[in-house]
Amino acid sequence: MTKTPDRPQVPSLEIHDLTVAYHQKPVLWGIDISITSGRLVGIVGPNGAGKSTLIKACMGLLPLSSGWVKFFGEPFSRAATRIGYVPQRESVDWDFPVNVMDVVLMGRYGRLGLLRRPGKADREIARQCLEKVQMLPYANRQISNLSGGQQQRVFLARALAQEADLYFMDEPFAGVDAATEAAIVAVLRELRDQGKTILVVHHDLPTARQYFDDLVLLNMRLVAYGKTEDVFTAELLQKTYGGRLTILSEVASALGTAR
Amino acid sequence: MVSKKQLRFIFGWLALLIAPVALHAAQVSDVVETDLVEQLARFFSMRDPSLRFALIGSILLGISCGLLGGFIVVRKMALMGDALSHAVLPGVAGGFLWNMEKDPVAILVGATIAGLLGSAMVSALTRTTRIKEDAALGLVLASFFAAGLCLQTMIIQNLPSGTQSGLDKFMFGQAAALGWDDVALMSAVTLLAVVMVALFYKELLVTSFDEGFARASGLPVRWVHHGLMLLLAMSVVIALKAVGVVLVSAMLITPAAAAYLLTDRLHRLLTLAVVFGVLAASVGAFFSFVGKNLPTGPLMVLGASTVFLGAFLFGPRYGVLSKWWARRSRSGRTQRENTLKAIYHVWENEGAALEGVSLKALAEKRRATLEEIGREVNSLERHGLATVNGPMVYFTPAGRQRSAEIVRNHRLWELYLTNSANIAPDHVHDDAENIEHVLGEDVVRELERRLGYATHDPHGKAIPSVQDVHQNAGLTGEAGKRGGA
């Protein structure tokens, strides 16, 4: 319960004994992670490992069965404006009647709070963020006229407009073109160099090794967390992706039906 | 699907049960029997206070329904609006039972509570059981509606003045039955809706577009949702007396759906939805007043549907006619470009020294009659792409350039498919036939670069180079002189 948010020893993100269940069926068991600032962290694991669940639970989008999560020493509700989020691209309706600028401005809403409208300064920030992802020429486009990669850049620009200290990104590289992937990686590294913490859900192992400083290997429970060169080992990957978890998932379904 | 079937079944019985009462009750013009001209004069002079109330009430309900309907449509909650409007019925009867008179405030409170209870039951059912939202909506809607019908029938039967209680008006609506207190309440609710939407527009926008992001930004997503549901329930209730339970959801959905076809920005969508709502509601009130035996609610909904039909057909971007027109002009262009290409091919085959191409050779190449070819080259002439002189046709400079571009696109694409996609040379022609008309300049540059500025296509034909396309003299110069002469 320390009230000094920015001392170096306070981790950007501290997850303690986090357990999440869908309909009583656990999907994440007892996760403990502590991440310091200025790290670019990849979250990898097989399908159904609970990667998206982990970041959603951190932000309170899913109820926790047990455990707690602290950002800069504070609970989410008090640190919300310091946290940025890039949801999965498929999670929204791209026919929604807004243009690119409207979407990026949404990144300012959390800081504005209730009853205040985005003003000139917010528009200027939104423009700069669009410029960073090379989408400024598209500012007035209706979002349904964008390609997948462009949609992903718009989401990234919206997150940049949040001016957060810690970012969660859910599969930002899914279904984007090579140019967009390179542009996103460049932006992520720039953020990291500014001392921000970035957690990225990622499903491609070869690029995971290239892109991230640290890796969280996840498969319903935390397999390993550490520097990429330390945890990217055949043994740990086998533990993450291999078929040794059948017992755990069977117990999970048993728990789901028993309760 | 289940819910729709249930609905139809219930409506069938309902119509049999209450149609006679409702049709009788829903005559706006039962005030005085007059002829059409006099009715029109009465409508536009606004002498009747009841007519004034009817019109003001209709406009107010158009505003509130249009505004909130916009959110319902973009949040994909249209069915929820329908369920809500049926779920309020027991509350209407309950509000009446409160003090046994038509107190609009008691009815508003009762109906709003019933409506919110209904929507809460839908979300409880979907959360706690394996029943999905559509079935839950159908189930709750039908149960509440049935309960409301029973309550209402009991009240009407047990009161000596039952038919005068006005409860029957809530089924199909009667704008002429609106009184001063109804209109006052409608103004209050509409004002509340407009103010709340203006104040919380940004929260409504972000929660409608991306709920997860809104919650991650620390915005009170639950409260926004509940507030919207409350406003929705209240505006459904104030609209009930004019439109009726059965059709009120149409006044939420239809104007907003029409607006959705016309614009790509939410604030414009809401404005248009309000305009359409007001238009439909006042047109409904007008016709129901002029045509003596016509009920208000259905007329308003027909008005809204007409607006929707207009947007569906004539919307500049998503309208059916506009799309058809765009397709037509595209196919006309494709046709002209194919003719240009054929002229190029003939010219290429017969030797580049040739000044023009004979219509006969062209007809053979296109496997068409001379008349058809005549029509095609006339179309080229109208668009300034070629000139016709007796039996010969000549390119204009623009036509020459476009034809070379088309041929180049075709051959580049064939080469690309053969070289880079490993498709057999005899399979690539049909694909290139379509692609040649849509390849953009930058894609062509990229293709040229990737193919190492190749000069010949897989069939050994020369690919017109950039020079051929842009600095062409030869045929063009001659044709230009001939055309000019």
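Lys76(B) is exposed, with a relative accessible area of 58%, and in this predicted model Lys76(B) forms a salt bridge with Asp93(A). That pair crosses between chains, and it offers a way into two topics: the salt bridges of the structure, which number 19 over all chains, and the contact between chain A and chain B, which takes 33 residues from chain A and 28 residues from chain B.

**A salt bridge between the chains**

- In the pair formed by Lys76(B) and Asp93(A), the closest N and O atoms are 3.3 Å apart.
- Lys76(B) sits in the loop between α3 (49-74) and α4 (78-87) of chain B, while Asp93(A) belongs to the loop between β5 and α3 (100-112) of chain A.
- Asp93(A), at 22% relative accessibility, counts as partly exposed, whereas Lys76(B) is exposed.

**Salt bridges within a chain**

- Side chains of opposite charge can pair when their charged atoms come close.
- In chain A, Asp165(A) forms a salt bridge with Arg82(A), and the closest N and O atoms of this pair are 2.8 Å apart.
- Because Asp165(A) lies in the loop between α5 (148-161) and β6 (166-170) and Arg82(A) in the loop between α2 (76-79) and β5 (83-86), the pair ties together parts of chain A that are 83 residues apart in sequence.
- Arg82(A) is buried, with a relative accessible area of 15%, whereas Asp165(A) counts as partly exposed at 28% relative accessibility.
- In chain B, Lys202(B) forms a salt bridge with Glu203(B), with the closest N and O atoms 2.7 Å apart, and both of these residues are buried.
- Also in chain B, Arg333(B), Glu337(B), Arg402(B) and Glu405(B) are joined into one network by salt bridges that share partners.

**The interface of chain A and chain B**

- The area buried between chain A and chain B is about 2600 Å², and carbon and sulfur atoms give 65% of that area.
- On the side of chain A, the residues that lose the most area to chain B are Phe96(A), Pro97(A) and Tyr109(A), which together account for 25% of what that side buries.
- Three salt bridges are found across this interface, together with eleven residue pairs in polar contact.
- Both α3 and α5 of chain A supply at least two residues each to the side that touches chain B, and α3(A) gives the most, with seven residues.
- Sorted by class, the side of chain A that touches chain B has 19 nonpolar, eight polar and six charged residues.

Key: Residues are numbered from 1 along each chain as its sequence is written. Chains are lettered from A and ligands numbered from 1 in the order in which they are written. This is a predicted model: local features need pLDDT of at least 70, side-chain atom pairs count only at pLDDT 80 or more; totals for chains, interfaces and linings use all residues. Side-chain values use heavy atoms; hydrogens and water are left out. A salt bridge is a side-chain nitrogen of Lys or Arg within 4 Å of a carboxyl oxygen of Asp or Glu. Helices (H or I, at least four residues) and strands (E, at least two) are DSSP runs, numbered from the N terminus. Buried means under 20% relative accessible area, exposed over 50%, partly exposed in between (1.4 Å probe, protein chains only). Contact means heavy atoms within 4.5 Å. Buried area is the accessible area (1.4 Å probe) that two parts lose on being put together, summed over both. A polar contact is a pair of N or O atoms within 3.5 Å; within protein, one must be able to donate a hydrogen and the other to accept it, and residues adjacent in sequence count only if both atoms are side-chain atoms. Ala, Val, Leu, Ile, Met, Phe, Trp, Tyr, Cys and Pro count as nonpolar, Asp, Glu, Lys and Arg as charged, and the others, Gly among them, as polar.
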